[in-house]
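Here are a few short exercises to work through with the structure open beside you. Try each task before reading its solution.

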Amino acid sequence: MKTLNFWFDPISPYAYLAFEQLPQALEGCSYAVEYRPVLFAGLLGHWGQKGPAEIEPKRAWTFRQVAWTAQNLGLPLDTPAQHPFNPLALLRLALASAPADGLPNRRVVELLMRHVWRGGADANDAMRLQALGDAVAPLRDPASEAVKAELRAHTEAAIERGVFGVPTVELDGRLFWGLDGLPMLRAALLGDAWFDGPAWDAARQAPPGVRRRG
């Protein structure tokens, strides 16, 4: 049985869709999942990128595309009342649901994802956060320095592995990014011969484009 690291931030609609779709996408495969919360903004800051919601045409396309994808997959998806929003309360709650240095289980991640992406409400509404906290029943204080440090450590660990976006699934040191990376992940889990030869490493060696002068 293989262990998958599922790097996520509930701020991402693609992380939500990939989370919901993972059991269907990997049906028949032998695997276990470790759900690892990371701060997406931390990844973006490290790699010098802007989030999709920070570029207006990209923001419009992203929400149209995820709405269509959700409908195509038969999954409910409602854009939260405010997006982007600060996901720190949710990420810390996820880690606080487990003992020190532990990870949230699938039920907890499901509660967080659906809190954001179902119903169209404000993800950081105080009453809703209280209700979510009651449902999660954390073992530790989400606002503690220990939990905050764990989230920073998870984000730093993801960056060290080369994670640049969410969702990213790690299998045997290889990173599969995005909802559309799930079929490729499935192939790797099922022993596709492509992953055993030189193709994986060779594919990254695309020559740089030619710069024009003037």
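Please keep in mind that this is a predicted model.

**Exercise 1.** Leaving aside neighbours within four places in sequence, find which residues Ala187 is in contact with, then place Ala187 in its element.

*Solution.* Step one: with those neighbours set aside, Ala187 is in contact with Asp192 and Phe195. Step two: Ala187 lies in helix 8, which covers residues 182-189. Step three: look along the chain to Ala203, 16 residues apart from Ala187; the two C-alpha atoms are separated by 16 Å.

**Exercise 2.** Decide whether Arg36 is buried or exposed, and work out what surrounds it.

*Solution.* Start with the location: Arg36 belongs to strand 2, residues 31-37. Next, take its relative accessibility, which is 18%. Buried means under 20%, so Arg36 counts as buried. Now list its contacts, leaving aside neighbours within four places in sequence: Asn5, Phe6, Trp7, Phe8, Leu103 and His154. Finally, pick out Asn5 from that list: its side chain makes a polar contact with the side chain of Arg36, at 2.7 Å.

**Exercise 3.** Classify Phe164 by its accessibility and find the surface patch that it helps to form.

*Solution.* First, locate Phe164 in the loop between helix 7 (145-161) and strand 3 (168-171). Its relative accessible area is 33%. The partly exposed class runs between 20% and 50%, so Phe164 is partly exposed. Last, the patch: Phe164 joins Trp47 and Trp177 in a nonpolar patch on the surface, and together they have about 330 Å² of accessible area.

Terms used
Residues numbered from 1 in each chain as written. Predicted model: local features only at pLDDT ≥ 70, side-chain atom pairs only at ≥ 80, totals over all residues. Heavy atoms only, no water. Helix = DSSP H or I, 4+ residues; strand = E, 2+ residues; numbered from the N terminus. Buried < 20%, exposed > 50% of the residue type's maximum accessible area, 1.4 Å probe, protein only. Polar contact = N/O pair within 3.5 Å; in protein donor to acceptor, adjacent residues only side chain to side chain. Contact = heavy atoms within 4.5 Å. Patch = residues over 30% accessible without salt bridge, like charges linked within 9 Å, V, L, I, M, F, W, Y side chains within 5 Å. Areas by Shrake-Rupley, 256 points an atom, 1.4 Å probe, with all protein chains shown as cover. Salt bridge = Lys/Arg side-chain N within 4 Å of Asp/Glu carboxyl O.
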